[in-house]
Amino acid sequence: MILSFLKRLARHLALWLLLGLVITGVWLERSVSARMQTLVFDAPATIRYAPLRVSAGSPVRQAQLRTELAALGYRSVATPTAPGTWSDDSPLTVWPRGAVEPVQISFGPRGITQITSASGKPADAVELEGQVLGRFYPQDDRVLAPTTLDALPPSLVQALLVVEDRRFFRHFGVDVLGILRAVLANVGAGRVVAGGSTLTQQLAKTWFVGSQRTVERKLRELAYALILELRFSKTEILQAYVNSVYLGQAGRYEIRGFGSAAEFYFGRPVSEIDVAESALLVGLLKGASYYNPWRHPERAKARRNLILEAMAQTGALESGRAQQAMRRPLGIKQQPELPEDVDLKRFIARGLRAELSPDALKAPGLVVESTIDPIS
C-alpha cells in the first residue's frame with residue numbers, strides 16, 4: 001500500500017517537474033527571442049553634419065580638407081587603393097567612400113582650382129560624407145553603430161574566434177573541451193589564467209544573467225546559452241555578440257559593439273580597419289579599462305601583440321604579416337572628450353520626435369543629415 005502510494009507520488013512529482021521545465025523553457029525562449037530582436041535587428045538613427053561638397057572654385061584650402069579627411073577617419077597612404085584612403089601629394093588624391101574610383105584635387109592660393117578623375121577626366125565635384133554628430137537610440141547611455149558580419153574585416157572575426165572561442169562553429173553553446181583546457185591551465189598556473197566560456201555563454205551572461213559568481217547564475221547562463229543555440233543560427237549569435245559587447249566608456253556613455261569601437265578609437269568604419277587594429281579591439285574584451293589605449297598604451301600594445309602572435313600560431317595569420325603588424329603603432333585617434341555633442345544631439349532628437357513616428361526613428365539605416373557646415 002505504502003509502496004504503491006510512493007510510486008504514484010513519484011509519478012506525479014515527475015509530471016509536475018516536467019511541466020515546470022516546459023513552462024520555464026517556453027518563458028526563457030520567449031525572453032531570449034525578444035531580447036535578440038533588439039540585439040540583431042535594431043539600429044539607431046545616425047545624425048551627421050552636412051556633407052562636404054567641393055568643386056573647382058570652392059574656397060577650401062588643402063589644410064582644411066586634410067583636417068576634414070582626418071576627422072572622417074580617412075587613412076593617409078602612399079597611393080589610395082580603396083575607398084576611405086587618401087594621399088597628400090600634389091595634387092591631393094582621395095578615394096571617397098561610396099565612389100568607384102579616386103579623384104585628384106589641385107589647389108591654388110584661393111582654394112580648389114581643378115578636380116579630375118583617376119583617368120584624367122575633369123570631374124564636376126567631390127562629396128564627402130558628413131561627420132557623425134550623434135546617434136538617436138531609445139537607450140541614451142549606449143553608443144551603437146550596428147554592423148553586419150559581412151561588413152567586418154575577416155581579420156577581426158579571426159582574432160575574435162582565436163582568442164575567445166576557437167570551437168564556436170563546432171560546439172552547441174557549451175564547449176566541454178574548452179572548459180577542460182581552462183581547468184588544466186588554471187591548475188597548472190595556480191591561478192585563474194583562462195576561462196572556458198563560449199561566445200554564446202558570454203552573450204547570455206551579458207544580456208540575460210549578469211556577472212555574479214554563483215552556481216545558480218552559472219546554471220542559468222548554461223540554460224540561456226543552450227536556448228540561444230536552439231533558437232538562433234551561429235551567424236545570428238555572432239552578429240548579436242559583435243554588436244553588443246562592451247568595449248569602452250566615455251563619460252556615462254558605453255561603447256558597445258565593434259562598429260562603435262572602430263569609430264570611437266580609430267575614427268573609421270569597422271570595415272576599413274586592418275589586422276593590427278582588429279587585434280587591438282579584440283584585446284579590449286579582456287578589460288576595456290585596463291587596456292585602454294589612451295591611458296595605458298603599453299598594456300594595449302602588449303595585449304594586441306599577444307593576440308597577433310596567437311593568430312600566427314593557429315594559422316589564422318601569416319607569421320610575416322603578424323610580425324609586421326606587431327611593429328605598428330596603435331594608430332588611435334586623438335582621445336575625444338565625449339563620443340558626441342550631447343546637447344546638440346538632444347536638440348536634434350527633440351525635432352525628430354516631433355516629425356517622425358517611433359517606428360520610423362528605429363528604422364534600420366536611417367540617416368539624418370543636419371545643415372551644420374563641417375567647414376566654416
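Among the contacts in this chain between residues at least 6 apart in sequence, 65% join residues that are at least 24 apart. The model is a predicted one, and its chain contains 13 helices and 13 strands, with buried residues making up 43% of the 376 residues.

The nonpolar interior offers a way in. The largest nonpolar core holds 54 residues, and of these Leu160, Phe258 and Leu281 touch the most other members. Leucine 281, once its neighbours within four places in sequence are left aside, is in contact with Leu156, Leu247, Phe258, Ala261, Ala262, Tyr265, Phe266 and Ile273. Apart from this core there is a second, separate one of 16 residues, which includes Val54, Leu65, Val94 and Ile112.

Leucine 281 also belongs to helix H9, where it is buried along with Val275, Ala276, Glu277, Ser278, Ala279, Leu280, Val282 and Gly283. Since nine of the nine residues of H9 (residues 275-283) are buried, this helix is largely enclosed by the rest of the structure. The elements against which the buried residues of H9 pack are strand S3 (75-76), helix H3 (154-164), strand S11 (246-250), helix H8 (257-266), H10 and H11. At the N-terminal end of H9 the cap is provided by aspartate 274, a side-chain oxygen of which lies 3.2 Å from the backbone nitrogen of alanine 276.

The loop between H8 and H9 is where proline 269 is found. With a relative accessible area of 27%, proline 269 is partly exposed, because that category covers values between the 20% limit for buried residues and the 50% limit for exposed ones. Not counting residues up to four places away in sequence, proline 269 touches Arg97 and Ala262; the second of these, Ala262, is also among the contacts of leucine 281. Between proline 269 and glycine 259, which are 10 residues apart in sequence, the C-alpha to C-alpha distance is 6.7 Å.

Two of the helices that pack against the buried residues of H9, namely H10 and H11, also meet each other. Two packed helices are described by the angle between their axes and by the distance between those axes. For helix H10 (residues 297-313) and helix H11 (residues 319-326), the axes come within 9 Å and cross at roughly 175°, and H10 and H11 are therefore roughly antiparallel to each other. On the H10 side the contact is formed by Lys301, Arg304, Asn305, Leu308, Glu309 and Ala312, which meet Ser319, Ala322, Ala325 and Met326 in H11. By character, the residues of this contact divide into five nonpolar, two polar and three charged.

How values were computed: Residues are numbered from 1 along each chain as its sequence is written. This is a predicted model: local features need pLDDT of at least 70, side-chain atom pairs count only at pLDDT 80 or more; totals for chains, interfaces and linings use all residues. Side-chain values use heavy atoms; hydrogens and water are left out. Axes are lines fitted to C-alpha atoms, for helices over the stretch in contact, and angles run from 0 to 180 degrees between N-to-C directions. Helices (H or I, at least four residues) and strands (E, at least two) are DSSP runs, numbered from the N terminus. Angles under 35 degrees count as roughly parallel, over 145 as roughly antiparallel, 65 to 115 as roughly perpendicular and the rest as oblique. Contact means heavy atoms within 4.5 Å. Ala, Val, Leu, Ile, Met, Phe, Trp, Tyr, Cys and Pro count as nonpolar, Asp, Glu, Lys and Arg as charged, and the others, Gly among them, as polar. A nonpolar core is a set of buried Ala, Val, Leu, Ile, Met, Phe, Trp, Tyr and Cys residues joined through side-chain atoms within 4.5 Å. Buried means under 20% relative accessible area, exposed over 50%, partly exposed in between (1.4 Å probe, protein chains only). A polar contact is a pair of N or O atoms within 3.5 Å; within protein, one must be able to donate a hydrogen and the other to accept it, and residues adjacent in sequence count only if both atoms are side-chain atoms.
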